[in-house]
Every structure is written in C-alpha cells, then in structure tokens.
Amino acid sequence: MLKKSPPVRAHAPSHAAKPTGAPARRLALLLLLLLCSPATSLAQTAKLPAPERVVADYLKAVGGKKRLAALRDATYEWTVRRGDSEAGTARTRLRTTGALRTDFLLAEGEWDAAANARTAWTRTRDGHLRTLTDREAFAARLQAQLEPAWFSDYKKQKVLARTLGREEVAGEPAYAVEFATRAGARLRYWFSTTSRLLVQSEDEVRGLRVRFADWRARPGSPLQLEPHRLEIERAGEAPLTLTLNGASYNTGLAETLFEPPADTSLNIPLLLRDLSKNQDETDRRVGDYTFTQKITEREMDDKGRLKKEKVSVYEVYPVIDFGSVRKLVSEDGVPLTAERAAKEERRVAELLEKAEREAPKNKERRERERAERRAKQRARAGGSGEEEEEDVGIATFLRACELISPRRERFREREVIVFDFRPRAGFKPSNRAETLISKLSGVIWVDPSERQVMRLEGRLVDSFKVGGGLLASVKPGSAFVFEQTRLEDGVWLPRFSQINASARVMVFAGMTINETHEFSDYKRFSTKTGDDKLDAPKEKPKEP
C-alpha cells in the first residue's frame, strides 16, 4: 500500500523546571494549557482555502485561463528510467475536452491505458485488453476529466471537491484536495502552498502515486509552466522516473485515438439480434425464481462525503400476472425483531393471496392497455401499419446508437465480446424510447456463446425531459450499471444493478438517487402448480 504523506504538526514548547506536589502539578497543567493550546489550536483549526481557491491559484501559476483556452490537445514524449538504468520510453496524449492516454514502451513489453467520459481500458504487456469497471473505471474517467483540462472545468463537470488539510510533500508544504463524483470516484491531489503548482496525485484504488517536478516553460507551449519530470510509484512495481524530452500542441488528435483497439471481424448487429430473443426469455424466467435482494441507498453531501447509508434486505416472491412481493428481513445488518418479523409475514401472506385473486383481472387489464397502446401507435404512424414501439428494443438501439470498438476480452472468468456505444449523429427520435436511447453512451459486455448480456453501463450525455421538462427532467451525467449471471442450470438472471442520477420532478426541488441492488440466492418457485421444471438450456449458437 502507498504511504500517505505525513501531516505538518505543531509541537508544544518544553519547560526548564518541573514543580513538585499537588498544587505544583495543577499549576503545571494550567501553564501547559495556556502555553500549548494556542499553538495546537492554530495548527488544527487554521482556515483552509476552499478547493476552488486552490485550483484558481494553480491555473494562475501555469499561465491563466486565457492561455489554457488556447490548448486543445497535447502530446508529450518521455524518457523512462528505473533507478539508475534507462527502462524505455513513454508517450502521453490528451484532449482538454476529457480524454487521456499513456503508452509505455519498456524493455519487458508495451503497456497502454486510456480513458474518456464513456470508457476506460488498459492493454497489458502480454497484449491482453481489459475494459475497466466499477471503482477502477470511475477513477480513470475522473482523472481524464481533471488532468487534461488542468482542473479548470471540474465544477461544470459536477465533480465534488474539498480541501483535506495541509501536508508535506517532498519537503514542502502543500494543500491536499480530494476530488470525487457521486458514482464513487475519488482522487487526491496536492498543490504547493508557495509555488501553487501541482506536486502530487494519488489514486488508492489503482495503487498509483505520481509526483510532478521540474516545472518550467516549454518552447511552443500555450502554457507558462509545465512539469518536466514525473516520479511514478505503482503498488507492487519498481518506481519509474519520466523525463520530458519532447512535446507538441494542437495537432488535432482524433477522438478514436482514445478508444479501445477494435476487432473489425466481429459482427455486432448480428450478435445483438440474437441477444434480443434470449433477453425476452430471460425476462420471462425471472418470474420463476424467488431470490434475495439487497438494496443500499446512499446520501452524499456536496463535498462527496457519505452522509447517510441505509441497507435493506428482502426476500422476493414472484406472482404470475402480478409482478413480485417483497418481504423485509433486515435493516442495516440487523434482523427484524420477532414482533416486526411476524407482522411482516402476515402482510406478505395477505398480499400474496390478494395478488393471486386479482391476477386474472390484472392480465385482462394489461392486455387491454397493450391493445389500446398499439392502436394509438398505429394511428400516430399514419395508418402505414408500422407501429411506433415505445419499448426499448434492439432495433431502436441500432437506429439510435453508433457501435464502437468491438473487442474480445475476459470478464468474470468467461470469454466475452465488449463494445462501446454512443448517440448516432443526425438521428432524429420519433418517440420517448428513441429519445432516451439517443442520449445514452456506454459499454456492453456480451457472452458470445450464450448470447446474453453480462454487463451494461449507460450514461446520459444530455438531459432527458418528460413533458417538456414540466413533469420531470433527468440531468446529464446520470448513470446506471446492470449485470447478469449464469446459474448452474444454464439460466441467466440479474446479479447487480446500480443507479446514480440527479433529477427534478415537476415543480419540486432537485433530487439525487444513489442506489445499489444486489440479487442472490435464486430458488425455483411458482405460484402455479405443475410448473416446477425449467426447459433445458438451448444448444449454444456459433460465435459471430
């Protein structure tokens, strides 16, 4: 583990004489409080600058916002040393709109890493490609937001920040600032209190620490100062020192440079059409199982700190033509009391009985509503016979989105095909479902042998409004994650989902949603008799 830099501490002054006896001890204690408390209080409670002040001073030190506005992209060439020996070369490329890529060409092989707002990936020395997920991906994408733009737009990008304290880095005092997102990303940066320049960064998730040194002018750079030496410490590896020996600016680096390497032999549209059929079957089979659902609700403050967390665990029972019934079993890790558990049992039993009684009526009502909806869709289509489908299907997805960088990887011990998606330029949505899809970007992991989605990440790149924004408006940056897992009998069912969204509903104040849902303990169940056997898994189709 990386060690944190030691904080600066004030020391109490020493005393030459030591009084004796009880009165003397009381006098000594009084003197100690009088003499030491002001110094200690000053060290611990001195007002720290706000993060926006620290960043503003940093931007001024490197040349100011006007100089930074002239920088669109940059490429840096480095010489790499490991200890006293030359180890190879490195290249860093960035776009100030939020994309970052680093390539190491070392004696033991090439290593690459890149991130943009949609995806983050690495390619190891043995050539294996890996799309980052969860906390690793969050941290890499946050770094790509902050560093290429020199931290100038962090507030516009809805990044949260707080000044943690004043610490020593390489012998000089620095302000430690933590940047975070509501999705869980968290990075720390240290800015010198004297030069105002960036001196260190730390990413605990990826076990990475970088020190920035030798700040000076670079010929041809729009900026006034840039670091000419980096010292990189990565957990489990020998430290590397990078020395800048070349740089170029505003050369028009393409966005594709930051995308994962693609395998052009893969036929993703064909894969998705087969997947659609299997997903319908998966949705139907969810109703054949009871399961445990764990819901974690989090509330963050405006600095990215966790204010409140609630964890609820339910047993979930499906009911044909009704949906499901949930029974609460614990809250915040504590099982329900006997009295409350008995009350919950009675509530669930009554609800199951009611659900079974009303199931036929519910089925008729849904079929009637579906028929009415289809009639309205045909009417809107002008009698052409082509229905305006409000459900989000594969056909809608293929029309509204551009598929990028299909590639083969390994995920959760299975061979997968991964691809990115983003809104298709020029696409004009004709209904609400297409409007939503046309505002999404993200990544999808697919098991090619069983034609099942293993993981899906999506993020709104633009606000999504319902009723022109009068009923509801979901803000850009809102994101979700969904995963499925394969049971022993070959059935694929939900494993995990997460949503992190900011929205405004009607005239009410804005609201944020930060929830994680975990699904486990699947057991075969049905409220109908004679239906206690699943179909055997179908023969595996050929890969695309």
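Visitor: How many aromatic pairs does a search of the whole structure find?

Guide: The search finds 18 aromatic pairs, where rings of Phe, Tyr and Trp (its six-membered ring) count as a pair if their centres lie within 6.5 Å, with planes under 30 degrees apart called stacked, over 60 edge-to-face and the rest tilted. The model is predicted, so local features need pLDDT of at least 70 and side-chain atom pairs count only at pLDDT 80 or more, while totals for chains, interfaces and linings use all residues. Residues are numbered from 1 along each chain as its sequence is written, and side-chain values use heavy atoms, with hydrogens and water left out.

Visitor: What geometry does the aromatic pair of Tyr-58 and Trp-215 have?

Guide: A pair of aromatic rings is described by the distance of the centres and the angle of the planes. Tyr-58 and Trp-215 are edge-to-face, at 6.2 Å centre to centre and with 90 degrees between the planes. Tyr-58 belongs to helix 2 (residues 51-62) and Trp-215 to strand 11 (residues 208-216), so their pair ties together parts that are 157 residues apart in sequence; helices (H or I, at least four residues) and strands (E, at least two) are DSSP runs, numbered from the N terminus.

Visitor: Are Tyr-58 and Trp-215 buried or exposed?

Guide: Buried means under 20% relative accessible area, exposed over 50%, and partly exposed in between (1.4 Å probe, protein chains only). Tyr-58, with a relative accessible area of 2%, is buried, and Trp-215, at 16%, is buried too. Phe-179 and Tyr-189 form an edge-to-face pair, with 5.8 Å from centre to centre and 75 degrees between the planes. That pair links Phe-179 in strand 8 (residues 172-180) with Tyr-189 in strand 9 (residues 186-192), 10 residues apart. Phe-179 has a relative accessible area of 0% and is buried, as is Tyr-189 at 1% relative accessibility.

Visitor: Which residues do ring pairs link into a cluster?

Guide: The cluster holds Tyr-58, Trp-150, Phe-151, Tyr-154, Phe-179, Tyr-189, Phe-191 and Trp-215, and both of the pairs just described have their residues among these names.

Visitor: How many salt bridges does a search of the whole structure find?

Guide: There are 45 salt bridges, each being a side-chain nitrogen of Lys or Arg within 4 Å of a carboxyl oxygen of Asp or Glu. One of them joins Glu-77 and Arg-91, whose closest N and O atoms are 2.8 Å apart. Glu-77 lies in strand 1 and Arg-91 in strand 2, so this salt bridge ties together parts that are 14 residues apart in sequence. Glu-77 is partly exposed at 27% relative accessibility, and Arg-91 is likewise partly exposed, with a relative accessible area of 34%.

Visitor: Which side chain meets Glu-434 in a salt bridge?

Guide: The partner is Arg-399, at 2.5 Å from N to O. Glu-434 lies in helix 8 (residues 432-437) and Arg-399 in helix 7 (residues 394-400), so parts that are 35 residues apart in sequence are tied together by the pair. Glu-434 counts as buried at 5% relative accessibility, whereas Arg-399 is partly exposed, with a relative accessible area of 41%. In the salt bridge of Lys-308 with Glu-299, the closest N and O atoms are 3.7 Å apart; Lys-308 is exposed at 52%, whereas Glu-299 is partly exposed at 31%.

Visitor: Which residues are linked in a network of salt bridges?

Guide: The network links Arg-118, Glu-255, Glu-259, Glu-402, Arg-407, Glu-409, Asp-420 and Arg-422.

Visitor: Where are Asp-332 and Glu-413 found in the chain?

Guide: Asp-332 is in the loop between strand 16 (323-331) and strand 17 (334-335), and Glu-413 lies in the loop between strand 18 (401-411) and strand 19 (414-423). Asp-332 has a positive phi of about 55 degrees although it is not a glycine, and Glu-413, again not a glycine, has a positive phi of about 65 degrees. Asp-332 is partly exposed at 48% relative accessibility, whereas Glu-413 is exposed, with a relative accessible area of 67%.

Visitor: What separates the C-alpha atoms of Asp-84 and Thr-241 in space?

Guide: They are 9.7 Å apart, C-alpha to C-alpha, with their places 157 residues apart in sequence. Asp-84 is found in the loop between strand 1 (73-82) and strand 2 (85-95), and it is exposed at 72% relative accessibility.
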